[in-house]
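This report describes one protein model for a reader who is new to structural analysis. Please keep the sequence and the three-dimensional view at hand while reading.

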Amino acid sequence: HAYREARLLLIQAQGAAEALNGSTPRALELEIPLLLADIEERLGDPARCLELAEVVLGRADERLEKAPMAEALMLMGWVMARQARWDDAGRMYQRAKDLYGALGDGHNVATVHLRQGNIAFERSDLEAAAAAYRDAKAAATQCDDAVLLGSIGGNLGVVATVRGDHVQAVLHYTEAIKAYSRAKHRYGICQTYQNLGMCHAAQGEWQAALSCYAKGE
């Protein structure tokens, strides 16, 4: 997490690669700008991040290098979503999902569905959000990714809460806690207990709410 130091090392690597005059190993031609794009996003320079991700897409051969292309598209989608460029972000995520699907990468297919659901939720399209989260759940179940299942269950719980369906929300949050517990994901467990407590409180179930808050604490 020493991002500034990492940036300096990657810039040095980039300079060294350029000094090889075209004999840089192919993997490094994609890995260096991809890592640097990620660092620039973390350091708060989205424009530079997008520029470097475009470099990756321009260099990659889709027939042979689907994975780095998909990573670049995911990064671009993330940046665009944070800029509220929902349509652009959606297009990046869809392209990434197609590539991950071709690679048989169920984990990342589920992740893209989850992010597409987040975009729909931000746009107040609860039906589309719930549908995307259900698709994410199916993909995550197939690859048995407990952490993703926890996150998806939590998001389905939030959608149910916004709809006022607190009974359904409690079911989703309970599923999320079970999934997070299986993965020993402590932060997810804490966060979900807080949401579950709010659901119980909304129904006037004060003792259950206090119990959830205490567990989360």
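A pocket is an open set of grid points where a 1.4 Å probe fits, with protein on both sides within 12 Å along at least five of seven lines, and its lining residues have an atom within 4 Å of a point. Rolling a probe the size of a water molecule over the atoms shows where empty space is left. The model discussed here is predicted.

## The largest pocket

The volume of the largest pocket is about 350 Å³. Its lining consists of 14 residues, and those nearest the centre of the pocket are D38, E71, M74, L75 and R115. Three elements each give two or more residues to this lining, namely α2 (26-42), α4 (66-82) and α6 (106-122). The greatest contribution is that of α2, which supplies five residues. By character, the lining of the largest pocket comprises six nonpolar, three polar and five charged residues.

## Overall architecture

The protein contains 11 helices and zero strands. Read from the N terminus, the order of elements is therefore α-α-α-α-α-α-α-α-α-α-α, since helices and strands are numbered from that end. The C-alpha trace spans about 70 × 35 × 30 Å along its principal axes. Of the 217 residues of the protein, 42% count as buried.

One residue in the buried class is A120, which has its place in helix α6. A120 is called buried because its relative accessible area is 9%, and the cut-off for this class is under 20%. A120 and Y100 are 20 residues apart in sequence, and their C-alpha atoms are 21 Å apart in space.

## Salt bridges

The structure holds 13 salt bridges. Three of them are set out below, with the distance taken from nitrogen to oxygen.

| Acidic residue | Basic residue | Distance, N to O |
|---|---|---|
| E40 | R7 | 2.8 Å |
| D38 | R42 | 3.2 Å |
| D87 | R123 | 2.8 Å |

What parts of the chain does the pair E40 and R7 link? E40 belongs to helix α2 and R7 to helix α1 (residues 3-18), so the bridge links distant parts of the chain, 33 residues apart. Are E40 and R7 buried or partly exposed? E40 counts as buried because its relative accessibility is 6%. R7 counts as partly exposed, with a relative accessibility of 25%.

The pair D38 and R42 has another arrangement: both residues lie in helix α2, four residues apart, which is about one turn of the helix. D38, at 24% relative accessibility, counts as partly exposed. R42 is likewise partly exposed, with a relative accessible area of 44%. D38 is also one of the residues that lie nearest the centre of the largest pocket.

The side chains of D87 and R123 also meet in a salt bridge. D87 lies in helix α5 (residues 86-103) and R123 in the loop between α6 and α7, so this pair ties together parts that are 36 residues apart in sequence. D87 counts as partly exposed at 47% relative accessibility, and R123 is partly exposed at 43%. In addition, R26, E29 and E65 are joined into one network by salt bridges that share partners.

## Backbone angles in two loops

Most residues other than glycine have a negative phi, and most peptide bonds are trans. Against this background, two residues deserve attention. S124 has a phi near 65 degrees, a positive value in a residue other than glycine. S124 is situated in the loop between α6 and α7 (126-142). Its side of the accessibility scale is clear: S124 is exposed because its relative accessible area is 61%, and the cut-off for exposed is over 50%.

For D144, phi is near 55 degrees, again a positive value in a residue other than glycine. D144 is found in the loop between α7 and α8 (146-163).

## A nonpolar patch on the surface

Which residues form a nonpolar patch on the surface? The patch is formed by M198, L210 and Y213, which together have about 290 Å² of accessible area. M198 lies in helix α10 (residues 186-202). With a relative accessible area of 43%, M198 is partly exposed, so it meets the requirement of over 30% that applies to residues in a patch.

Note on methods
Residues numbered from 1 in each chain as written. Predicted model: local features only at pLDDT ≥ 70, side-chain atom pairs only at ≥ 80, totals over all residues. Heavy atoms only, no water. Patch = residues over 30% accessible without salt bridge, like charges linked within 9 Å, V, L, I, M, F, W, Y side chains within 5 Å. Areas by Shrake-Rupley, 256 points an atom, 1.4 Å probe, with all protein chains shown as cover. Salt bridge = Lys/Arg side-chain N within 4 Å of Asp/Glu carboxyl O. Buried < 20%, exposed > 50% of the residue type's maximum accessible area, 1.4 Å probe, protein only. 1 Å grid on protein atoms, 1.4 Å probe; cavity = no way out; pocket = protein on both sides within 12 Å on 5 of 7 lines; lining within 4 Å. Points joined across faces, edges and corners; volume = space filled by probe spheres on them. Nonpolar A, V, L, I, M, F, W, Y, C, P; charged D, E, K, R; others polar.
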